[in-house]
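Student: Could you take me through one part of this protein model closely, namely the stretch where aromatic rings and charged side chains meet across the strands? I would like to see how the pieces fit together.

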Amino acid sequence: MAVVNTEDDMYLTYGGLAGGAAHNRYVLTHSGEFLLQSWNSTSAAWMDLRRWASWACNRYGHCGPYGYCDNTVAAPTCRCLDGFEPADPEEWSGGSFSRGCRLTVALQCGDGFLALPGMKSPDNSGSSKGDVTRCLVRTQELDTEKIGDDGMRSN
């Protein structure tokens, strides 16, 4: 087995294939698509045997700052966290969520933390600053998704 890492691709190769055995590979694209491909020696190109598309809603940052992908509904969609509203309602209603959500009222020190049951942890570690005995402020945007009432993915 060898890891091949080029400017365009990163993949594993396995040696010792029996004569005539198919050369297959799995590919995870930058947009989240998962592909099964087979090498076609006639055309000298990889051919897709199977594609598993990712939901646009699940792509990193798709729902924008303080938005989340609600995977508990039949058609996953973006929503704003409690206390937030779409930053651009017109774009939001047109299906463009990248500008995310904004606070509806300014947070006050002592407001406490919002419980988010059924949500997965954010994809980035984030950072916070402040005196923890007084007020803690998150300084990065959240990118998360609702995966179920119990925090477990319901596929």
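Tutor: Happy to; here is a walk through the aromatic side chains, the salt bridges, the core and two loop residues.

A word on the ground rules: this is a predicted model, in which local features need pLDDT of at least 70 and side-chain atom pairs count only at pLDDT 80 or more, while totals for chains, interfaces and linings use all residues. Residues are numbered from 1 along each chain as its sequence is written, and side-chain values use heavy atoms, with hydrogens and water left out.

Let us start with Phe 34, which sits in strand β4. Strands here are DSSP runs of E with at least two residues, helices are runs of H or I with at least four, and both are numbered from the N terminus. At a relative accessible area of 35%, Phe 34 is partly exposed; that label covers the range between buried (under 20%) and exposed (over 50%), using a 1.4 Å probe and protein chains only.

Across from this ring is Trp 52. A search of the whole structure finds five aromatic pairs, where rings of Phe, Tyr and Trp (its six-membered ring) pair if their centres lie within 6.5 Å, and planes under 30 degrees apart count as stacked, over 60 as edge-to-face and the rest as tilted. Phe 34 and Trp 52 have ring centres 5.5 Å apart and planes at 40°, so this pair is tilted. Because Phe 34 belongs to strand β4 and Trp 52 to strand β5, the pair ties together parts that are 18 residues apart in sequence. Trp 52 is partly exposed too, with a relative accessible area of 32%. Another aromatic pair, Trp 39 with Trp 46, is edge-to-face, at 5.2 Å centre to centre and 70° between the planes. Of these two rings, Trp 39 is partly exposed at 37% relative accessibility, and Trp 46 is partly exposed at 30%.

Phe 34 and Trp 52 also join Tyr 26 in one aromatic cluster. Add Leu 28 to those three and you have a nonpolar patch on the surface, with about 440 Å² of accessible area together. Patches are built from residues with over 30% relative accessible area and no salt bridge, joining like charges within 9 Å and nonpolar side chains (Val, Leu, Ile, Met, Phe, Trp, Tyr) within 5 Å. The areas come from the Shrake-Rupley method with a 1.4 Å probe, and for residues only the protein chains shown count as cover.

Now for the charges. There are five salt bridges, each a side-chain nitrogen of Lys or Arg within 4 Å of a carboxyl oxygen of Asp or Glu. One of them joins Glu 33 to Arg 51, with the closest N and O atoms 2.8 Å apart. Glu 33 is in the loop between β3 (24-28) and β4, whereas Arg 51 is in strand β5, so this bridge ties together parts that are 18 residues apart in sequence. Arg 51 is partly exposed at 45% relative accessibility.

A second bridge links Arg 102 and Glu 85, at 3.1 Å from N to O. Since Arg 102 lies in strand β9 (residues 101-103) and Glu 85 in strand β8 (residues 84-86), the contact ties together parts 17 residues apart in sequence. Both ends are partly exposed: Arg 102 at 37% and Glu 85 at 31%.

Asp 88 and Arg 99 make a further bridge, their closest N and O atoms being 3.0 Å apart. This one connects the loop between β8 and α1 (89-93), home of Asp 88, with the loop between α1 and β9, home of Arg 99, eleven residues apart. Asp 88 counts as buried at 18% relative accessibility, whereas Arg 99 is partly exposed at 48%. Shared partners also join Glu 33, Asp 48 and Arg 51 into one salt-bridge network.

Moving inside, the largest nonpolar core has twelve residues, among them Cys 57, Tyr 68, Leu 81, Phe 84, Trp 92 and Met 119. Such a core is a set of buried Ala, Val, Leu, Ile, Met, Phe, Trp, Tyr and Cys residues joined through side-chain atoms within 4.5 Å. Strands β6 and β7 (77-80) each supply at least two residues of this core.

Finally, the backbone. Most residues other than glycine have a negative phi. Ala 44, however, has a positive phi of about 50°, and this residue sits in the loop between β4 (34-40) and β5 (45-52). Tyr 66 likewise has a positive phi, near 60°; Tyr 66 is in the loop between β5 and β6 (67-70) and is partly exposed at 23% relative accessibility.
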